[in-house]
Amino acid sequence: MSESSQKIKVAVSGACGKMGQEVIKAVNEDSNLELVAAIDVCNLGKDIGEIVENKSCGVNISDNLKESVKNSKAQAVVDFTTPDLVYKHTKEIIECGARPVIGTTGLSEAKLDEIKDLANSKKIGTLIAPNFAIGAVLMMMFAQKAAEYMDNAEIIETHHNKKKDAPSGTAIKTAQMMSEAQKKFGKDNCAETETLKGSRGGLTESNIHIHSVRLPGFVAHQEVIFGGKGQALTIRHDSFDRTSFMPGVVHALKEIMKKEEFVYGLEKLL
Ligand code: NAP
């Protein structure tokens, strides 16, 4: 078998976006990965290497996901597009027989369940990861551990002001993981009235308040604040740069090839 046929053939959907461009660079830099397709709605027909790194890489941009995946024989497809497209894209990737590695956030629980059923029935390894930064995954794990001992907690997440969904997928996932350790937070809080609607943020089933901040200059940041008698514990993670997500994406591409089922969260592949 030649060296190139042993490499994992990767397609990138949302290739011209902020995350997509970083993925293109990360895939091109890894000797075990081969970029075979780039999908986006802008720069159609142009070489993605010219757009991202000012040097040709022989992969032209197409806007047809299914056709690109099939024609290029991509084995895995990374998707960083938009919340309104991610469900359709994930299903299409699975139907083409490739493994989805999904970073796009905004999928509802019902849609996640449908994707899980489809991936498991077709035995196609499928990863949906609300956060690919290893530090953020650790932050979620530490928050879950702290939740075993402290039952008053709120989450504040801050992102750039072009983010389309709120709260972030990371905040939702963190709250879910904390709820596995503690069923009800803030049990002793008094009854409260919001004089300005939304002041207390979004409320999860387990009573964790999530506050979303959107400001230019930021990338992706989150604080989980625990309060107890006479003490507070803050667990914080900052992604200052989109390169923070790339080691996780590259790791996921390699690990998902060994899976035949649905996986939610990068921590399951570490
Ligand atoms: P972005 O810069 O807006 O990139 C999205 C790209 O998708 C754009 O180039 C967009 O093109 C393109 N697109 C639109 N329609 C498309 C279609 N039908 N097929 C293929 N591509 C299409 O956004 P971003 O900052 O890269 O973020 C993308 C997603 O990743 C968001 O949901 C964000 O929350 C998430 N995210 C996840 C992580 C994680 O670790 N999981 C980290 C950061 C961000 P146009 O601009 O021309 O519409």
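With 270 residues, a compact globule would have a radius of gyration near 18 Å; this protein has 20 Å, which agrees. The model is a predicted one. A ligand sits in the largest pocket, and the protein covers part of that ligand's surface, as the points on contacts show.

**Overall build**
- The chain folds into nine helices and twelve strands.
- Along the principal axes, the C-alpha atoms fill a box of roughly 65 × 40 × 30 Å.

**Residues around the ligand**
- The ligand has 23 residues around it.
- Those that come nearest are Lys 18, Met 19, Asp 40, Phe 132 and Lys 163.
- By type, the shell divides into eleven nonpolar, nine polar and three charged residues.

**Contacts and cover**
- Lys 18 takes part through its backbone: one of its polar backbone atoms is 2.9 Å from an oxygen atom of the ligand.
- Met 19 also offers a polar backbone atom, which is 2.8 Å from an oxygen atom of the ligand.
- Lys 163 uses its side chain instead: an N or O atom there is 2.8 Å from an oxygen atom of the ligand.
- On its own, the ligand has 920 Å² of accessible area, and the protein covers 78% of this.

**Check yourself**
- Which part of Lys 163, side chain or backbone, has an N or O atom 2.8 Å from a ligand oxygen? The side chain does.
- Where does the ligand sit? It is in the largest pocket.

Definitions and conventions. Residues are numbered from 1 along each chain as its sequence is written. This is a predicted model: local features need pLDDT of at least 70, side-chain atom pairs count only at pLDDT 80 or more; totals for chains, interfaces and linings use all residues. Side-chain values use heavy atoms; hydrogens and water are left out. A residue is near a molecule or strand if one of its heavy atoms lies within 4 Å of it. A polar contact is a pair of N or O atoms within 3.5 Å; within protein, one must be able to donate a hydrogen and the other to accept it, and residues adjacent in sequence count only if both atoms are side-chain atoms. Accessible areas come from the Shrake-Rupley method with a 1.4 Å probe; for residues, only the protein chains shown count as cover. On a 1 Å grid over the protein atoms alone, a cavity is a set of points where a 1.4 Å probe fits but cannot get out, and a pocket is an open set with protein on both sides within 12 Å along at least five of seven lines; lining residues have an atom within 4 Å of a point. A molecule sits in a cavity or pocket if more than half of its atoms lie within 2 Å of its grid points. Ala, Val, Leu, Ile, Met, Phe, Trp, Tyr, Cys and Pro count as nonpolar, Asp, Glu, Lys and Arg as charged, and the others, Gly among them, as polar. Helices (H or I, at least four residues) and strands (E, at least two) are DSSP runs, numbered from the N terminus. The radius of gyration is taken over C-alpha atoms; the globule rule is 2.2 Å times the number of residues to the power 0.38.
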